[in-house]
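Colleague: I should be grateful for a close look at one loop residue in this model. Please set the surroundings of that residue in the context of the rest of the chain.

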Amino acid sequence: MSEIAIKADDVSKVYKLYHKPSERLIDALGFAGKGRFKEHRALNHVSFAVEKGETVGIIGTNGSGKSTILKIITGVLSPTEGTVEVAGRISALLELGAGFNMEYTGIENVYLNGMMMGFSREEMDARLDEILRFADIGDFVNQPCKTYSSGMFVRLAFAVAINIDPEILIVDEALSVGDVFFQAKCYKKFEDFKAQGKTIIFVSHDISSVAKYCDRVILLNKGDKLSEGNPKDTINLYKKVLLNQSQNIASGQVLSESGAAPGQKLWKSHYELNPDVNEYGTGEAEIIDFAIIDEYGSYTNCIQKGTSFSIKSKVLFQSDVQDPIFTYTFKTVQGTAVTGTNTMYEKVGIGTAKAGEVYVATFKQNMDMQGGEYLLSVSCTGYVGGEFRAYHRLYDVCGVTVISDKNTVGFYDMNSETTVERVK
């Protein structure tokens, strides 16, 4: 029978939200009635168990209760109702450096944090070299932490938290600290913990990492446990929650070939749009709507690597335009163009689009980009008298997340069929 490392039983956390600070004092003195505050349930009767050696992901939108349940597990918060039982020493990567004294040197803070975690000076002496090697901030360890850059600070804080040999590791977005090389080191340490059979609770907005590392995933939504199960199914449900489609889960509503179902709102209203989108054009055509559609026919900006998906672009022509070109491009968050295409490359032409007409371009393909975060751009362009003309462009209009449990080198996957044979 499997041993339980963490058990949350009917856990709720309720906060009192006061209309003004004085009412908090009145309540503390025992004079406040319910009318002076309203209750906010950060967690609502949440139960789950984590077996020893499991890696369990917790996902959900902002405000779903992820950080609250982690703080209750680690003892930072007490539940309003319910209980949490923990069997094993915990190291929590929550608010990195929260226990650091900025006037102390890095070395002094290493020992201070070690004592706060229950280690003797001798035990910290044995771990010091590994901590400093992992942090890799050089002679700055002998300087006050107030002189550190933010990058050096989180590197040292992470190194202390990760090198105390815990039985249970609690991670809340901490693997994205520092530069790309330090992040690679963090993920390697994370993989080492998995290989050693440690119990891990992993909270992240990086859905690709959740899919790759987790044995099981718990989905929280507005304080409720919405689902619990294998990563693929739970992440698919999360994609619908991200787009406020939880009410459509049972109905399985899909798009028609030419656009939204009758009476529905605009496609693009299902996505979080970039408030700083780079938009320009001559005005002879206008992109009035766009959509990203997964293999199930649902609006989403989270696509599973290796699956089919479509991009739709709906354009209203304000003037007659000869041979308009519909385009899309994916870029990294650093601005590097990864891939894209257009109707000219694909040899799909429509002739002359008349003023007042609306056209929908649909690009259907498999998602072979690596797991990660990307930016989508769409446009309608063309040529007039041999001169290029941009009728309407929306650069970096929204983000797209690619979910993957297997990444290769570079930006996209060659989908190699790989065999290895021993030659006699």
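Modeller: Thr307 sits in the loop that links strand S12 (302-304) to strand S13 (308-317). The model is a predicted one, and the description below should be read accordingly. With a relative accessibility of 14%, Thr307 falls under the 20% limit and therefore counts as buried. Apart from neighbours within four places in sequence, Thr307 is in contact with Glu295, Gln365, Asn366 and Met367. For one of these partners, Glu295, the separation is 12 residues in sequence, and the C-alpha atoms lie 6.5 Å apart.

A second loop position offers a companion case. Ser204 is located in the loop between strand S7 (199-203) and helix H7 (207-213). Its relative accessible area is 7%, so Ser204 is buried. The C-alpha atom of Ser204 lies 7.8 Å from that of Gly57, although 147 residues separate the two along the chain.

Val400 provides an example within a strand, namely S20. Val400 has 1% relative accessibility and hence counts as buried. Leaving out residues up to four places away in sequence, Val400 touches Ile292, Asn301, Phe330, Gly372, Glu373, Tyr374 and Leu376. Between Val400 and Ile292 the C-alpha separation is 8.9 Å, with these positions 108 residues apart in the numbering of the chain.

Strand S20 (residues 387-403) also holds Asp396, whose backbone deserves a remark. Most residues other than glycine have a negative phi. Asp396, which is not a glycine, has a positive phi of about 55 degrees. Asp396 is buried, at a relative accessible area of 17%. Asp323 likewise is not a glycine and has a positive phi, near 50 degrees. Asp323 belongs to the loop between strand S14 (321-322) and strand S15 (325-332). With a relative accessibility of 41%, Asp323 counts as partly exposed.

Turning to the helices, one may begin with H2. Of the 8 residues in helix H2 (residues 66-73), 6 are buried, so the helix is largely enclosed by the rest of the structure. The buried residues of H2 are Lys66, Thr68, Ile69, Leu70, Ile72 and Ile73. Just after H2 comes Gly75, with a positive phi of about 85 degrees.

The packing of helices H3, H4 and H5 can be described pair by pair. Two packed helices are characterised by the angle between their axes and the distance between those axes. Helix H3 (residues 106-116) packs on H4 at an angle of about 130 degrees, and their axes are 10 Å apart. At that angle H3 is oblique to H4. The crossing of H3 past H4 is right-handed. On the H3 side, Ile107, Val110, Tyr111 and Gly114 take part; they meet Arg121, Met124, Asp125, Leu128, Ile131 and Leu132 of H4. By class, this contact consists of 7 nonpolar, 1 polar and 2 charged residues.

Helix H4 (residues 121-135) packs in turn with helix H5 (residues 150-162), at about 140 degrees and with axes 8 Å apart. Angles over 145 degrees would count as roughly antiparallel, and H4 and H5 are therefore classed as oblique to each other. H4 passes H5 in a right-handed crossing. Ile131, Phe134 and Ala135 of H4 meet Arg155, Leu156, Phe158, Ala159, Val160 and Ile162 of H5. This contact comprises 8 nonpolar residues, no polar ones and 1 charged residue. Ile131 appears in the contact of H4 with H3 and also in the contact of H4 with H5.

The totals for the chain complete the setting. The protein has 8 helices and 20 strands. Of its 424 residues, 45% count as buried, and Thr307 is in that category. Among contacts between residues at least 6 apart in sequence, 71% join residues at least 24 apart. The exposed surface is about 21,700 Å², of which carbon and sulfur atoms supply 49%.

In summary, Thr307 is a buried residue in the loop between S12 and S13, in contact with Glu295, Gln365, Asn366 and Met367 beyond its sequence neighbours.

Definitions and conventions: Residues numbered from 1 in each chain as written. Predicted model: local features only at pLDDT ≥ 70, side-chain atom pairs only at ≥ 80, totals over all residues. Heavy atoms only, no water. Helix = DSSP H or I, 4+ residues; strand = E, 2+ residues; numbered from the N terminus. Buried < 20%, exposed > 50% of the residue type's maximum accessible area, 1.4 Å probe, protein only. Contact = heavy atoms within 4.5 Å. Areas by Shrake-Rupley, 256 points an atom, 1.4 Å probe, with all protein chains shown as cover. Axes fitted to C-alpha atoms, helices over the stretch in contact; angles between N-to-C directions. Parallel < 35°, antiparallel > 145°, perpendicular 65-115°, else oblique. Left-handed = near helix turned anticlockwise from the far one by under 90°. Nonpolar A, V, L, I, M, F, W, Y, C, P; charged D, E, K, R; others polar.
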